[in-house]
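Let's walk through this protein together, from its overall build to a few local details. Please have the view open and ready to rotate.

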Amino acid sequence: MPIFDIHTHAPRRSLPDDPGASSTSDALYRPDKHASTAHTPETYIAALDGIQRAVVFNIAADPEDDRNNSNLQYAVPEVNDDTAAIVREHPEKLIGFLTVHARDPKALDEIDRCVGDLGMKGIKLGPNYQNIDPLSPEAFRVFKRAEELGLPVLLHQGTSPVQFADLDYAHPRHIDRVATAFPDLKMILAHMAHPWQIDCIVVIRKHPNVFADISAQFYRPWSAWNAFCLAQEWGVMHKLLFGSDLPIATPQETIDGLRSINEVIEGTGLPRIDEEQIEAIIHRDSLGLLGLS
Ligand SMILES: [Zn+2]
């Protein structure tokens, strides 16, 4: 059965002359691994061995505020041209998602360019990285266009390494209102909105077109077990999609982490996460659910 990874970050190709810019420091992301992860086109593709299809994207920087911009974020249109370039090299494997900044006055033109000229299939937004209120008129303009064009939107949700952007913008409760306004828009809440997984669960539970990806759970074993236990009890396991957040974790690390989800409760009377449901997440037809197949 194929495995689809719906959350991978493109290696940045047009790098500035900064040798550190090609790697991502894990310290803020991975409590279990404090080294830097090399992130080049070669390491990226090698890590996707065994994965049939992967969604790949970059994140557009805030055009008016360079205080929050890291090497995760950079300017439109290069940010999308970079994603399109790696997709062109691996068209059988990669599905490109575009990114825009909602406060960019040309955001809708860039969406049209990326879909029409570059063949991109969805949108990546990071309310925390981009310091954008998902309930603002600017953000709603982007959601409306995405709904019209049938583009799924993947949103970073939950904890953030970005100091000068409002953490509340990445809280999943706001997506309830977005989904109510745009019921046909398919959305994926990244990372089950950790550590607000229960808030994520109540949102994906009531909106048929809102899903969550399971990336970034496994390296906090107690949090991860709790998250899947809650998802199981609240009946949303079928709304969880496989994603790795490459390069922060590889798909294989993520699969191994999912398969050892119950280790933390061995020897206790706590309920086990159903292993068949875990396998179902790993092999979920996310592309079909998102209208991408
Ligand atoms: Zn990510």
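**A guided walk through the fold**

Let's start at Cys229, which is buried, with a relative accessible area of 8%. Keep in mind as you look around that this is a predicted model. Does Cys229 have a bonding partner, or what keeps it apart from the closest cysteine sulfur? The closest cysteine sulfur belongs to Cys200 and sits 16 Å from the sulfur of Cys229, so the two are too far apart for a bond. The wider search gives a matching picture: zero disulfides turn up in the whole structure. Another cysteine to look at is Cys114, which is buried with a relative accessible area of 0%.

Now zoom out to the whole protein. You can trace ten helices and twelve strands. Along the principal axes, the C-alpha atoms fill a box of roughly 55 × 45 × 40 Å. How does the radius of gyration fit with a compact globule? For 293 residues, such a globule would have a value near 19 Å, and the protein has 18 Å, so the two agree. Of the 293 residues, 54% count as buried. The contacts tell us about the chain's path as well: among those with a separation of 6 or more, 76% are between residues 24 or more positions apart. On the outside, the accessible surface comes to about 12100 Å², and carbon and sulfur atoms account for 52% of that area.

Next, find helix α7, which spans residues 221–233 and includes Trp222. Is Trp222 buried or partly exposed? With a relative accessible area of 48%, Trp222 is partly exposed, because the exposed class begins only over 50%. Together with Val264 and Leu270, Trp222 makes a nonpolar surface patch of about 270 Å².

From there, turn to Ile261, in the loop between α8 (251–259) and α9 (275–282). Ile261 is buried, with a relative accessible area of 7%. Which residues does Ile261 touch, leaving aside those up to four places away in sequence? The list is Ala224, Trp225, Phe228, Ile273 and Ile278. For a sense of scale, pick out Ala84, which is 177 residues from Ile261 along the chain; the C-alpha atoms of these two residues are separated by 35 Å.

Now for some backbone details. The peptide bond from Val76 to Pro77 is cis, with omega near 5 degrees. You will find Pro77 in the loop between β6 (73–74) and α2 (78–89). Another cis peptide bond runs from His194 to Pro195, where omega is near 5 degrees. Pro195 belongs to the loop between β10 (187–189) and α6 (197–206).

Stay in the loop between β10 and α6 for a moment, since Met192 lies there too. Although Met192 is not a glycine, its phi is positive, at about 50 degrees. Met192 is buried, with a relative accessible area of 0%. Where else is there a positive phi at a residue that is not a glycine? Ala216 is one such residue, with a phi of about 70 degrees. Look for Ala216 in the loop between β11 (210–213) and α7. At 4% relative accessibility, Ala216 counts as buried.

Note on methods. Residues are numbered from 1 along each chain as its sequence is written. This is a predicted model: local features need pLDDT of at least 70, side-chain atom pairs count only at pLDDT 80 or more; totals for chains, interfaces and linings use all residues. Side-chain values use heavy atoms; hydrogens and water are left out. Patches are made of residues with over 30% relative accessible area and no salt bridge: like charges are joined within 9 Å, nonpolar side chains (Val, Leu, Ile, Met, Phe, Trp, Tyr) within 5 Å. Accessible areas come from the Shrake-Rupley method with a 1.4 Å probe; for residues, only the protein chains shown count as cover. A salt bridge is a side-chain nitrogen of Lys or Arg within 4 Å of a carboxyl oxygen of Asp or Glu. Helices (H or I, at least four residues) and strands (E, at least two) are DSSP runs, numbered from the N terminus. Buried means under 20% relative accessible area, exposed over 50%, partly exposed in between (1.4 Å probe, protein chains only). The radius of gyration is taken over C-alpha atoms; the globule rule is 2.2 Å times the number of residues to the power 0.38. Contact means heavy atoms within 4.5 Å. A disulfide is a pair of cysteine sulfur atoms within 2.5 Å.
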